[in-house]
Each structure stands twice: as C-alpha cells, then as structure tokens.
Amino acid sequence: MSKAVYPGSFDPISYGHIDLAERGLKIFDELTVAVARNVSKTTLFSADERVEMVREVLEGVPGVTVDSYTGMTVDYVRSVGANVILRGIRTISDFEYEFQMALTNRHFADDMETIFMMTSNEYSFLSSHFIKEAVALGGDVSAFVPLLVEEHLKKKLTKRSR
Ligand code: ADP
C-alpha cells in the first residue's frame with residue numbers, strides 16, 4: 001500500500017486543495033491530509049476550526065485520513081508510517097518556497113521524498129489568502145470553496161468587521 005501525507009495550513013481548505021488531494025489519490029492508495037497546528041503565518045481560523053473544515057469536506061473519501069500535527073512535518077510523516085510528502089505547485093513563487101522547504105525537509109529526513117503535483121488550470125490562481133480577501137470585501141467565493149467553508153468564512157469575516 002503506498003501512502004503519502006499532504007500537509008498544509010488549510011486556512012481554509014479550498015477546491016484547489018481538494019483537487020490536489022483527489023489527484024494524489026490516483027497515485028497513492030492512502031493519503032493523510034494533515035493540518036499543521038503551529039504555522040508561522042497568522043491564520044484566520046484556529047487549528048481546530050481548520051481541522052474541522054477539512055474533516056467536513058474530505059472525511060469519508062475512500063483512502064483519505066484527516067489529521068493534524070504539531071512539530072516538524074518530517075517527524076509527523078514518519079510517525080504515520082509514510083515517507084512521501086505531497087505538495088502542490090501553482091506559480092513560480094510557489095516553486096521557490098516549495099523547493100526550499102523540500103530541501104530543508106530532506107536535510108532532516110533524507111529517506112523521505114516530496115512529490116509535487118501541478119495545480120489544475122481552473123484552480124491555478126486560487127489561494128486561501130485571496131479567498132479570504134474576497135470574502136472580506138463581499139465577493140462571492142462559491143466557485144472556490146465548498147458551501148460550508150464559505151459559511152464559516154462569512155461568519156468569521158463579518159464578525160471581525162463589526
Ligand atoms: P502551507 O502554509 O503549508 O503552504 P497551504 O494550505 O497554503 O499550506 O497549502 C498547502 C499545499 O497546497 C501547498 O503545497 C500549496 O502549494 C498547495 N495548494 C494550495 N492551493 C492550491 C491550488 N489552488 N492548487 C494546487 N495546489 C494548491
């Protein structure tokens with residue numbers, strides 16, 4: 001059984017993330033979508049909220065396990081018995097960031113590989129960052145995130161702006 005871990009901040013999960021997970025499942029038998037609890041960037045949603053949304057969207061999809069972790073990604077990946085990290089690439093700037101991260105991870109775990117998948121055309125411009133901005137400005141993001149995520153976004157960003 002091949003197994004990979006798809007780690008990220010998922011703040012919040014979008015159709016871009018979902019598409020990547022679905023395509024990852026065509027290559028790996030098992031995919032653990034792992035929400036990083038301690039991320040360097042400031043998140044809109046708490047770790048528990050981010051995990052809950054990923055669960056609501058992806059739990060039950062055959063082959064998918066949803067989990068969260070603290071500490072180093074490579075340690076977590078090893079703890080679940082995997083040696084592949086799945087990540088997505090959208091742009092050149094993603095490439096630079098991902099390249100550095102993959103090499104740093106390799107320094108700590110040279111038995112582990114990071115596998116990159118290119119985004120699908122229709123989601124190539126999608127980022128959690130701009131989805132949040134759009135909602136804050138009153139934009140319709142129904143093409144970018146599942147309905148329940150859109151509702152969480154509206155609740156959070158409307159409350160904040162009061
Ligand atoms: P992180 O903070 O770890 O970068 P993200 O949730 O922003 O977490 O992203 C997790 C992974 O998903 C990254 O590899 C990112 O490039 C990828 N990703 C995010 N959005 C998309 C998208 N629209 N298409 C493909 N990959 C994406």
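User: Happy to start with Ser 120. Where is Ser 120 found?

Analyst: This is a predicted model, and in it Ser 120 is outside the helices and strands it sits between. Strand 5 covers residues 113-118. Ser 120 is found in the loop between strand 5 and helix 5.

User: Is Ser 120 buried or exposed?

Analyst: The cut-off for a buried residue is under 20% relative accessible area. Ser 120 has a relative accessible area of 13%, so it is buried.

User: Which residues does Ser 120 touch, not counting residues up to four places away in sequence?

Analyst: One partner is joined to Ser 120 by a polar contact of 2.6 Å between side chains, and that partner is Asp 19. With sequence neighbours up to four places away set aside, the residues that Ser 120 touches are Asp 19 and Arg 23.

User: Good, let's follow Asp 19. Which residues does Asp 19 touch, not counting residues up to four places away in sequence?

Analyst: Asp 19 is found in helix 1, residues 15-24. Arg 23 lies 4 residues from Asp 19 in that helix, so a count that skips residues up to four places away leaves Arg 23 out. What remains for Asp 19 is Ser 120 and Tyr 123.

User: Why does Asp 19 count as buried?

Analyst: Buried is the word for a relative accessible area under 20%. Asp 19 counts as buried because its relative accessibility is 13%.

User: What is the N to O distance where the side chains of Asp 19 and Arg 23 meet in a salt bridge?

Analyst: Side chains of opposite charge can pair when their charged atoms come close. Asp 19 and Arg 23 both lie in helix 1, about one turn of the helix apart. Their side chains meet in a salt bridge with an N to O distance of 3.1 Å.

User: How many residues of helix 1 are buried?

Analyst: The buried residues of helix 1 are Gly 16, His 17, Ile 18, Asp 19, Leu 20, Ala 21 and Gly 24. Their cover includes strand 1, strand 2, helix 2, strand 4, strand 5 and helix 5. Helix 1 is mostly covered, and the number of buried residues is 7 of its 10.

User: And at the start of helix 1, which backbone nitrogen does a side-chain oxygen of Ser 14 reach?

Analyst: The side-chain oxygen of Ser 14 comes to within 3.1 Å of a backbone nitrogen at the start of helix 1. That nitrogen belongs to Gly 16.

User: How many salt bridges does a search of the whole structure find?

Analyst: Besides the pair in helix 1, the side chains of Glu 113 and Arg 106 meet in a salt bridge of 3.9 Å, N to O. Glu 113 counts as partly exposed at 41% relative accessibility, and Arg 106 is partly exposed too, with a relative accessible area of 42%. Searching the whole structure gives a total of 11.

User: Lys 154 and Glu 150 also meet in a salt bridge. Which of the two counts as buried?

Analyst: Being 4 residues apart in helix 6, Lys 154 and Glu 150 are separated by about one helical turn, and their salt bridge is 3.3 Å, N to O. Lys 154, at 44% relative accessibility, counts as partly exposed. At 7% relative accessibility, the residue that counts as buried is Glu 150.

User: Turning to the largest nonpolar core, which element gives the largest share?

Analyst: The largest nonpolar core has 31 residues, and those with the most contacts inside it are Tyr 6, Ile 13, Val 33, Val 54, Leu 58 and Leu 153. Several elements give two or more residues to this core, including strand 1, helix 1, strand 2 and helix 6. The largest share, 4 residues, comes from helix 2.

User: Last one: what percentage of the ligand's accessible area does the protein cover?

Analyst: The ligand is surrounded by 17 residues, the closest being Tyr 6, Ser 9, Phe 10, Lys 41 and Gly 88. Polar side-chain atoms lie 2.8 Å from a ligand oxygen in Lys 41, 3.0 Å in Arg 87 and 3.1 Å in Glu 98. On its own the ligand has 560 Å² of accessible area, and the part covered by the protein is 92%.

Technical notes:
Residues are numbered from 1 along each chain as its sequence is written. This is a predicted model: local features need pLDDT of at least 70, side-chain atom pairs count only at pLDDT 80 or more; totals for chains, interfaces and linings use all residues. Side-chain values use heavy atoms; hydrogens and water are left out. Buried means under 20% relative accessible area, exposed over 50%, partly exposed in between (1.4 Å probe, protein chains only). Contact means heavy atoms within 4.5 Å. A nonpolar core is a set of buried Ala, Val, Leu, Ile, Met, Phe, Trp, Tyr and Cys residues joined through side-chain atoms within 4.5 Å. A residue is near a molecule or strand if one of its heavy atoms lies within 4 Å of it. A polar contact is a pair of N or O atoms within 3.5 Å; within protein, one must be able to donate a hydrogen and the other to accept it, and residues adjacent in sequence count only if both atoms are side-chain atoms. Accessible areas come from the Shrake-Rupley method with a 1.4 Å probe; for residues, only the protein chains shown count as cover. A salt bridge is a side-chain nitrogen of Lys or Arg within 4 Å of a carboxyl oxygen of Asp or Glu.
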